Amino acid sequence: MRRTYCGFWVTGLFLFATAAPAAALPFVEVWGEVRYWRPTLESTILASTGAVAGTTIDPVTDLGLDEEQNVPEGRAGITLLGRHKLRVGYLSLSFDGDRTLTQGITFQGVTFTAATRVLTDLDVKILRGGYEFDFFKTAIGYLGILLEVHYFDGEAHIRDTTGLQDQRVDFQIPVPVVGLAFRAYPITRILSVGAEVVGVTAGSRGHYIDGEASVTFTPWPFVELTGGYRVLDLHGEDGDNQIDLRLHGPFASLTLRF
């Protein structure tokens, strides 16, 4: 039910974007963005239980997860008075693996021996929402501060083909982040360059960074075509458990403004 509400939230804001003409509210701009991202996965996972130590696993090499993924993403927002922006986004990642193990691994107290055929699913939904304030803005660009919460809803499922060894881990993690957004129009407003990055650190226990750089072509005032490169990097430690997740790759998007 929680995931359904997330989808309704983002979908509803997109519908509002098409229903609210700018002429009716001259100080309000509503926008919706559809993205296509092709990230490369780099990750290691260590999952222990009690006195049973886990094995550090590379999901791509050891479990056969897809190294690259085609990822759709939706974003939307409302700009008030040109400087205040409310933003939401929804991203769904799904990786599948099918591999015969070359060495034994232990995951959450369950040991899978060498030569066992293992099926793996890693699904992560990321809902983001927050506020941007463009504290510096001129005719040639702006610089703003970002305050957001990124909510991770995920599941890792590892099992053998007999069904006798089956382990599933769920996680729901809200991550508050801060960052900066930048955009400049070096030649004309038809072409612009931009970047944004948000993140948080917990010292040696972990960090999270989500950043991108892009070039945008605006053939009409209400249409934007964007291409860029995005990096998402997550590291977390909790006792004997550890996760490193890095996704990086190019993206393209279409934005409509009203």
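This section describes the main nonpolar core, two strand hairpins and the surroundings of one buried serine in a predicted model.

The largest nonpolar core comprises 34 residues, and Leu-63, Leu-93 and Leu-247 have the most contacts inside it. Two or more residues are given to this core by each of β2 (40–46), β4 (84–100), β5 (105–107), β6 (110–112), β7 (117–138), β8 (141–160), β9 (166–188) and β13 (241–257). Beyond its neighbours within four places in sequence, Leu-247 is in contact with Trp-37, Pro-39, Thr-40, Leu-41, Leu-93, Phe-95, Arg-230, Val-231 and Leu-232.

Strands β11 (residues 206–220) and β12 (residues 223–238) run antiparallel and are joined by 13 bridges. The two strands form a hairpin with two residues between them. Within this pairing, Gly-211 has Val-231 of β12 as its bridge partner; Val-231 is also among the residues in contact with Leu-247. Strand β12 further pairs with β13 in the antiparallel sense, over 16 bridges, and Asp-244 of β13 is the bridge partner of His-235. The hairpin of β12 and β13 likewise has two residues between its strands, and Gly-239 in this hairpin adopts a positive phi near 65 degrees.

Ser-192 lies in strand β10 (residues 191–201). With a relative accessibility of 3%, below the 20% cut-off, Ser-192 is therefore classed as buried. Its side chain makes a polar contact of 2.8 Å with the side chain of Arg-183. When residues up to four places away in sequence are not counted, Ser-192 touches Arg-183, Ala-184, Tyr-185 and Pro-186, together with Ser-214, Val-215 and Thr-216.

Note on methods: Residues numbered from 1 in each chain as written. Predicted model: local features only at pLDDT ≥ 70, side-chain atom pairs only at ≥ 80, totals over all residues. Heavy atoms only, no water. Core = buried A, V, L, I, M, F, W, Y, C linked by side-chain atoms within 4.5 Å. Buried < 20%, exposed > 50% of the residue type's maximum accessible area, 1.4 Å probe, protein only. Helix = DSSP H or I, 4+ residues; strand = E, 2+ residues; numbered from the N terminus. Contact = heavy atoms within 4.5 Å. Pairing = 2+ DSSP bridges. Polar contact = N/O pair within 3.5 Å; in protein donor to acceptor, adjacent residues only side chain to side chain.
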